[in-house]
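Hello,

Here is the structure I promised to pass on. Please open it first, then read my notes below.

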Amino acid sequence: MQRLIRLSLALLTLAVLPVHAQSNPARLAQLVDYVGVDYAVAVRDGEVISPFEYGEMQEFSRLIVDHVQELPGDTRGQLQPLAMQLQSAIDAKADPARVASLAAAMTEILLRSPALQSAPAATPDLAVAETLYARQCAACHGASGQGDGPAVTPDMEPAPTDFTDTERAHARSLYGLYNTITLGVEGTAMPSFEHLPKEQRWALAFYVGSLYADAETLQDGERAFTATPDAELPRMSALTTATPASVMEQQGEAAADIHAWLRRNPAALEKLRPDPLAVAMTGIHRSVDLYAAGEAQAAHDAAIDAYLEGFELAEAALGTTQPDLVLEVETAMTGLRQAIRNRLPESEVRAAADEALALLQQARDSRTGESLSSGVAFVSALVIMLREGLEAILVLGAIAAFLGRTGRRDAMPWLHGGWIAALAVGVLTWVVSNYFITISGATREVTEGVTALIAAGVLFYVGFWMHSKLNAKRWQ
């Protein structure tokens, strides 16, 4: 009877959520993730094994349908049929694999929403997370994450999550854990930790999300990480949004081991160059958060960094296939900075940010499908090298011919020494820029500007020198 009363209260609480909360994509993503992972605890072989959990699944599936109705047109159109299928599958006590598949499909669509910040802005600190976990979470989830903390009672429904349960952990993404930590779970003992800074919530998500991995898995993951080329390793956004099960299915056991090891050692990703478009999107989210907190100048600086440290680094490559989209993104990001600079209402700043985020997401989606093939990229680079090389050869040939005609062959070693030194300096510059320093968007802009000024100065000096010598000859 007590369990029934508690279930009724939980369902009543969820049923009277305000309308504006139902349009929150983060809440919808949390519900979908919760259903996809926990349905297996409620139903097995077509039979209900936990009436309380099954009642939650039914109610949450109806809430998911209601949330989807509040979403914008395109996203709503993609999610509506999946939400209806999810509700029908749960009502029919379908196999957990079917429910998990539908939930995964919905999550994939939701994670493309610009309203969701699905990766941390900075590398999570697991040492801080371990302390936080002991203070905030161990009472229920246990010291080792097995759901056996001292605050657990026999009649607690649902029981605290066992983070060491491999089967359930494989179905759970880090973003799903972050969402649950942030929002809590209505009608259960799991509270919201939204009062904690985002960095700490992400760190907790990484910490509890790595507890399922045993020592052997972590060792295998570290070996695979070391042996895998940087280009094939997951970036932060892929690490936080993928589930171990999906990685195992799509990429194999070694990739799943790498994901497990990176959950425990996210700092290893710092050596990889992040996706510039993801950096830009993270920067825009941070800018809006700062503006909402009343820090307009810091918000403006964050918006500038989002462009210089993010989009600027992808602009050249994207411009070869999507020049119109590049212009649209630049215009939208400029509009966001202007809105912040003009101290417009928060709603207008958010609208400008959403426009920029949507275009950046469009750029990310189109980049993989419309990027240059390896053959085209090779031919393009070869043509550029041949053109520039031919120009350099013509200049060197003209200088060599002039020295020969004037009888100054003694200067030829200086000519050859010059072009050999230029090649050596070029190779040295490439090595330094790739292995010893990181060239950011702002650094690249400054380098381009300084180089252009130096080039203009050299051309002016040479032109002036030649002109003065010509006039001197006429005077003589």
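**Aromatic pairs**

Tyrosine 133 and tyrosine 207 are both buried. Keep in mind that this is a predicted model. The two tyrosines bring distant parts of the chain together. Tyrosine 133 sits in helix α7 (residues 126–136). Tyrosine 207 sits in helix α11 (residues 198–209). They are 74 residues apart.

How do the two rings lie? Their centres are 5.3 Å apart and their planes meet at 50°, so the pair is tilted. That angle falls between the limits of 30 degrees for stacked and 60 for edge-to-face.

Next, look at tyrosine 175 and tryptophan 202. They also form a tilted aromatic pair. The distance is 6.5 Å centre to centre, with 40° between the planes. This pair, too, links distant parts of the chain. Tyrosine 175 is in helix α10 (residues 174–183), and tryptophan 202 is in helix α11. Here the separation is 27 residues.

Are these two buried or exposed? Tyrosine 175 has 5% relative accessibility, so it counts as buried. Tryptophan 202 has 3%, so it counts as buried as well. The limit for buried is under 20%.

Tyr175 and Trp202 belong to one aromatic cluster with Tyr178 and Phe206. In total, the structure holds nine aromatic pairs.

**Salt bridges**

There are seven salt bridges in the structure. Three are described here.

Start with arginine 168 and aspartate 38. Their closest N and O atoms are 2.7 Å apart. Both residues are buried. Arginine 168 belongs to helix α9 (residues 166–169), aspartate 38 to helix α3. The bridge links distant parts of the chain, 130 residues apart.

Lysine 198 and aspartate 289 make another bridge. The closest N and O atoms are 2.4 Å apart. Lysine 198 lies in helix α11, and aspartate 289 in helix α16 (residues 276–292). These are distant parts of the chain, 91 residues apart. Lysine 198 has 29% relative accessibility, so it counts as partly exposed. Aspartate 289 is partly exposed too, at 32% relative accessible area.

Then there is arginine 350 with glutamate 346. The closest N and O atoms of this salt bridge are 2.9 Å apart. Both residues lie in helix α19 (residues 346–370). They are four residues apart, about one turn of the helix. Arginine 350 is partly exposed, with a relative accessible area of 35%. Glutamate 346 is partly exposed, at 34%.

**Nonpolar cores**

How many residues make up the largest nonpolar core? It has 74. Ile64 and Met106 have the most contacts inside this core. Helix α3 (residues 25–42) gives the core its largest share, nine residues.

What does methionine 106 touch, leaving aside its neighbours within four places in sequence? It is in contact with Val32, Ile64, Val68, Leu79, Leu82, Ala83 and Leu86.

Another core lies apart from the largest one. It has 32 residues, including Met281, Ile284, Ala353 and Leu360.

**On the surface**

Now to the outside. One nonpolar surface patch covers about 800 Å². It is made by Val446, Val450, Ile454, Val458, Tyr461, Val462, Trp465 and Met466. Take isoleucine 454 as an example. It lies in helix α22 (residues 441–475). Its relative accessible area is 53%. The limit for exposed is over 50%, so isoleucine 454 counts as exposed.

**The whole chain**

Some overall figures to finish. The protein has 476 residues, and 40% of them count as buried. Its secondary structure comes to 22 helices and two strands. Among contacts with a separation of 6 or more, 69% are between residues 24 or more positions apart. The accessible surface comes to about 26000 Å². Carbon and sulfur atoms account for 60% of that surface.

If you want one place to begin, try helix α11. It holds tyrosine 207, tryptophan 202 and lysine 198. From there, tyrosine 207 leads to tyrosine 133 in helix α7, tryptophan 202 to tyrosine 175 in helix α10, and lysine 198 to aspartate 289 in helix α16.

Best wishes

Note on methods: Residues numbered from 1 in each chain as written. Predicted model: local features only at pLDDT ≥ 70, side-chain atom pairs only at ≥ 80, totals over all residues. Heavy atoms only, no water. Patch = residues over 30% accessible without salt bridge, like charges linked within 9 Å, V, L, I, M, F, W, Y side chains within 5 Å. Areas by Shrake-Rupley, 256 points an atom, 1.4 Å probe, with all protein chains shown as cover. Salt bridge = Lys/Arg side-chain N within 4 Å of Asp/Glu carboxyl O. Buried < 20%, exposed > 50% of the residue type's maximum accessible area, 1.4 Å probe, protein only. Core = buried A, V, L, I, M, F, W, Y, C linked by side-chain atoms within 4.5 Å. Contact = heavy atoms within 4.5 Å. Phe/Tyr/Trp six-rings, centres within 6.5 Å; stacked < 30°, edge-to-face > 60°.
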